[in-house]
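Please open the structure in your viewer and keep the selection tool at hand. The stops below each begin with something to select and then say what is there.

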Amino acid sequence: LEIPDRGVLEGLDPEQRAAAGAADGPLLVVAGPGTGKTRTLTHRVAYLVAERGVPAESCLAITFTRRAAAELAERLAALLPSGRGEPFVATFHALALTICREQYALLGFAGPPSVADDADRAAVLAELDVPMDKPVPDELREGFRKRLRARGLLELDELVPLAVSVLEPGSAASYRDRWPHVLVDEYQDVDADQYALLRALVPTDGNLFAIGDPDQSIYSFRGADVGFFLRFASDYPTATTVTLTRNYRSAPPIVAAAVQIVRPGTLVPGRGLSAERRDLGAARLAVHRVATEAEEAGWVAATIDALVGGSSFHSLDSGRVDGSDEVEVPTGFADIAVLYRTDAQSRTLQSAFTSAGLPFQKRGIDRLADRPGVPAVLRELVHHPGPVVSRLRAAGEALAARVSAPDLFSAEELTLRASDVWSAVELLRPVASASGDDLDGFLAAVATGAEVDALDPRADAVSLLTLHAAKGLEFPVVFLVGCADGVVPLRFPGEDEDERAVREAEERRLFFVGVTRARRRLFLSAARQVTRRGVTSAAALTPFLAPVDEGLLDRTGTAETPRRPAARQMRLI
Ligand code: ATP
Ligand code: MG
């Protein structure tokens, strides 16, 4: 590999530079958490544009979520010379929608199709005389989709397969010319349709820059298949593989523990991960045991209060791996994230935070278009003139007025309250600001938004998010709550042994993703008694901590007691 060491590749280490500055052809970057994968991908684009004279718009960068796409676009804008075109940065859904809209005639549409929202679905279900109960019964599916299509509408999950179907009969060539460089972040999470789309867009010896970490594949329940990552070299026989092994994110004890946690099920045997950031301290991982989940939430709130207040920082930081003094680092609320396995766990946390008066923001991964109030705002907004931001404001005002006046509103508006409307407007505002006068682009961005990004990195608030939503992010201080067997890993009744083994392997990777979000401090906590679906039962500590050296852990809270017999389980409903 040629390794240029100047210009845009400054600030990368030699392995990262080998990847970002590689010659043409397929390239796979296999690398653990915090090794600079995303950073390497953005520098690859900058290198192609600045050093190799590739027009920016010839580069297509693909990710999975809107947040990740927005972050990539932002990082690229900072790296690339202005006024020389822009790379196309998109989620798989947004890319597929672009192709479907451009190729509408081949798909049999009279004009560019849009993505259906709840109101569209309700209208079609009414035609079919089916109540608006989700999901649509299987035997109606085809007829349901046909009717949507007759109205120029598509469901989100058909976008990628349809894009593939129009590329196959021969229109792939024009896209291959348009985007001779295709880059994919988090490649370990592609599913079969996304894989087929990439196969159609990039020839076997083409410039596919795929980057990811098999040990962070956590979406198999949604169809992702890490097998596509693992067989990259045989799918693309001329491919080069680069491995990144230096972690620039986390303090050494966190890196050491993470490696021990993932090793029993690793998909990348023998891989190294060295901790480069010794300056981030050497605090052990706190493992805190309490009696109940309410107590756990209270402990998290009190600990955060003390961390941000600064006064008890030393006493909290009782154990250190190297015995030296902790360097006190000021911590703000925004430096802290609380991660959990299931969204239901956030309720107890939110009430503890509210009672303690701690500011927090919670992020969901719902579809933007399905959030309360959003469909109503979208329908209203098209009736107002001007740039998208002004339309949005006008729509919010019109709806708020209608909702508070007791006449003439749709069934959906009946269930809305003026607060819902304004929070929908707030959710849509960042998308609107980025859309300028492009109403069509705005509607497409909202329709394909796979997650709500209510998380504002500048807000002075603790972030609450699920382990899945935390992928790719980093925080100086992380609390991972609910580290109790049955929650991490989550157990489901009725699974056979094989299913359970496959799912537990993925749960282990999910735990690994959570642990590796922390930069300086990691607090793990577990209650002895957990409630799931109304059933309260005794819970041991997660088995995923078993491989971790005792010397890396600082155990606090109540001492372990023998497991309660099952007969003492309580049923609370
Ligand atoms: P994940 O697997 O969680 O997605 P990643 O491999 O994509 O992680 P990045 O988010 O790109 O990692 O980088 C992790 C952190 O390390 C970031 O704060 C980044 O700025 C920093 N970093 C990456 N490479 C370097 C480097 N060569 N020198 C200094 N800091 C670096
Ligand atoms: Mg990343």
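What follows is a tour of a predicted model, taken from the whole chain down to single residues and back out to a helix.

**The whole chain.** Begin with a cartoon view, in which the protein shows 20 helices and 20 strands. If you colour by accessibility, 52% of the 573 residues count as buried. Turning to contacts with a sequence separation of 6 or more, residues 24 or more positions apart account for 80% of them.

**The largest nonpolar core.** Now select Leu-95, Val-182, Tyr-187, Leu-197 and Leu-198, which touch the most other members among the 46 residues of the largest nonpolar core. Two or more residues of this core are given by each of several elements, including strand 1 (27–31), helix 4, strand 6 (181–184) and helix 8 (192–201). The largest share comes from helix 7, with 9 residues. In soluble globular proteins, nonpolar side chains tend to be buried together.

Centre the view on Leu-198 and ask which residues it is in contact with once its neighbours within four places in sequence are left aside. The list is Ile-62, Phe-92, Val-182, Val-184, Tyr-187, Val-190, Leu-208 and Tyr-236. A second, separate core of 45 residues can be picked up by selecting Val-262, Leu-285, Phe-511 and Phe-544, which are included in it.

**Aromatic rings.** Return to Phe-92, one of the contacts of Leu-198, and display the aromatic side chains, among which the count comes to 13 aromatic pairs. In one of these pairs, Phe-64 and Phe-92 have ring centres 5.2 Å apart and planes at 55°, so the pair is tilted. Phe-64 lies in the loop between strand 2 (59–63) and helix 3 (66–79), whereas Phe-92 belongs to helix 4 (residues 92–102), so the pair ties together parts that are 28 residues apart in sequence. Both rings belong to buried residues, Phe-64 having a relative accessible area of 18% and Phe-92 a relative accessibility of 2%.

Next select Tyr-187, Phe-229, Phe-232 and Tyr-236, which form one aromatic cluster. With Tyr-236 still selected, add Arg-199, whose charged end sits over the ring of Tyr-236 at 4.8 Å from its centre.

**Cysteines.** Select Cys-100 and Cys-483, which are both buried, the former with a relative accessible area of 0% and the latter with one of 1%. How many disulfides does the structure hold? The number is 0.

**The two sides of helix 14.** Move to helix 14 (residues 346–356) and look along its axis, with Ser-346, Leu-349, Ala-352 and Phe-353 selected as buried residues. These residues cover an arc of only 125° around the axis, which puts them on the same side of helix 14. On the other side, Arg-347, Thr-354 and Ser-355 are exposed. To see what covers the buried residues, show helix 12 (293–309), strand 12 (336–340), strand 13 (360–362) and strand 14 (462–466), which are included in that covering. Just after the helix, Gly-357 takes a positive phi of about 70°.

**A last stop in helix 16.** Finally, select Leu-399, found in helix 16 (residues 388–404), which counts as buried at 0% relative accessibility. A distance drawn from the C-alpha atom of Leu-399 to that of Leu-381 should read 9.7 Å, with the two residues 18 residues apart along the chain.

Conventions: Residues are numbered from 1 along each chain as its sequence is written. Chains are lettered from A and ligands numbered from 1 in the order in which they are written. Side-chain values use heavy atoms; hydrogens and water are left out. Rings of Phe, Tyr and Trp (its six-membered ring) pair if their centres lie within 6.5 Å; planes under 30 degrees apart count as stacked, over 60 as edge-to-face and the rest as tilted. Helices (H or I, at least four residues) and strands (E, at least two) are DSSP runs, numbered from the N terminus. Buried means under 20% relative accessible area, exposed over 50%, partly exposed in between (1.4 Å probe, protein chains only). A charge sits over a ring if NZ of Lys or CZ of Arg is within 6 Å of the ring centre and within 35 degrees of the ring normal. A disulfide is a pair of cysteine sulfur atoms within 2.5 Å. The arc is that of the directions from the helix axis to the C-beta atoms. Contact means heavy atoms within 4.5 Å. A nonpolar core is a set of buried Ala, Val, Leu, Ile, Met, Phe, Trp, Tyr and Cys residues joined through side-chain atoms within 4.5 Å.
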